[in-house]
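Got a model open and not sure how to read its backbone? Let's go through it by question and answer.

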Amino acid sequence: MNFSTLRRTLLAATIGAVCALAAPAFAQDKWPSKPITYVVPFPAGGTTDVLARLIAQKLGPALGTTVIVENRAGAGGNIGSDFVAKAAPDAYTILGGTISSHAINVSLYPKLPYDPVKSFSPIALIGTNANVLVVGANSPYKTVQELTAAAKAKPGSISFASAGNGTSQHLSGELYKSLAGLDLVHIPYKGSAPAIQDVIGGQVPMMFDTSVVAGPFIESGKVRALAVTSAKRTPQLPNVPTMAESGVTGYDLESWQAIFAPANVPAPILQRLQTEVAAIIKSPEIQERLGKLGMAPSTLTPQQFAAFQVSEIAKWAKVIKAGNIKID
């Protein structure tokens, strides 16, 4: 090979290498070039679904694309979460994660199909909210004390509904059972919407649900709020006592909602998502909407949220082990 030929060969190889290195950056500059799917691992009508549609409505225009909300319910949020965990790391598929799917389930399910930390990149913690213990409007129980007394008088005679195994609603009931020494029967549903409808209809005596879902039914008088699960009373329900105030000493549980992408999404894309979602959450309109839904909007950065998630996993692992809490 003469010098001229060698020079042309080296030049072609150099140009090819530069183009290869530039391709990912170019692709990232063009992101997003197609619609984004926002997976909700629970049925329509629940807290995660309500928030997803609220965020998606703003996120699409902010990114110059369409954000489609898709419900992939089942197994306490595990099915939808696993779907996103195994999606391509291009952020065209994101997830509405919760305290259940990303902090509780890892200690409840012996073979979780994904790692709640390693399989995802945190985008944002949307906010936190207390659950509310509600009974039907025609229920004979006016207070938690009355409900506790009835459950103790006839062990196994009172059941509670939940949005599904492993959800914060489920764990709220299990924590009540453990701390109050009760024998309650858990009835898991495929989401909050069908569960609370059966409480309204009297098919199930009680359930714990998020203030986002339960709030409108409390306001309309279709259910009666007996207590909130947080350590302190909530601004949205100032006249409703806490579980601890109602005689269940040591009771403290707050749910949370977040957004995740699959692990290994390119940093520029992830940072853009984080920036846009943070701006949406901080906007006065969304702050007001979250407040009306009974949520305290988060101010944590993605890095702070990641540390918070790890601490939540450790916290609930201890609670689940101490209470010998098992899924049905």
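What follows is a short dialogue on the fold and the backbone of this predicted model.

Q: How many helices and strands does the protein have?
A: There are eleven helices and ten strands. The C-alpha trace spans about 100 × 40 × 30 Å along its principal axes.

Q: What share of the residues counts as buried?
A: Buried means under 20% relative accessible area. Here 51% of the 328 residues fall in that class. About 14,700 Å² is exposed, and carbon and sulfur atoms supply 58% of that area.

Q: On to the backbone. What should I expect for phi and for peptide bonds?
A: Most residues other than glycine have a negative phi, and most peptide bonds are trans.

Q: Which peptide bond is cis here?
A: Look at the bond from Trp-31 to Pro-32: omega is near -5°. Pro-32 sits in the loop between helix H1 (3-29) and strand E1 (36-40).

Q: What is the phi of Ala-75, and where does this residue sit?
A: Phi of Ala-75 is near 55°, so positive although the residue isn't glycine. You'll find Ala-75 in the loop between strand E2 (67-71) and helix H3 (78-85). Ala-75 is partly exposed, at 38% relative accessible area.

Q: And Asn-264: is this residue buried or exposed?
A: The cut-off for exposed is over 50%. Asn-264 counts as exposed because its relative accessible area is 67%. Its phi is also positive, near 70°, and Asn-264 lies in the loop between strand E9 (254-262) and helix H9 (267-282).

Definitions and conventions:
Residues numbered from 1 in each chain as written. Predicted model: local features only at pLDDT ≥ 70, side-chain atom pairs only at ≥ 80, totals over all residues. Heavy atoms only, no water. Helix = DSSP H or I, 4+ residues; strand = E, 2+ residues; numbered from the N terminus. Buried < 20%, exposed > 50% of the residue type's maximum accessible area, 1.4 Å probe, protein only. Areas by Shrake-Rupley, 256 points an atom, 1.4 Å probe, with all protein chains shown as cover.
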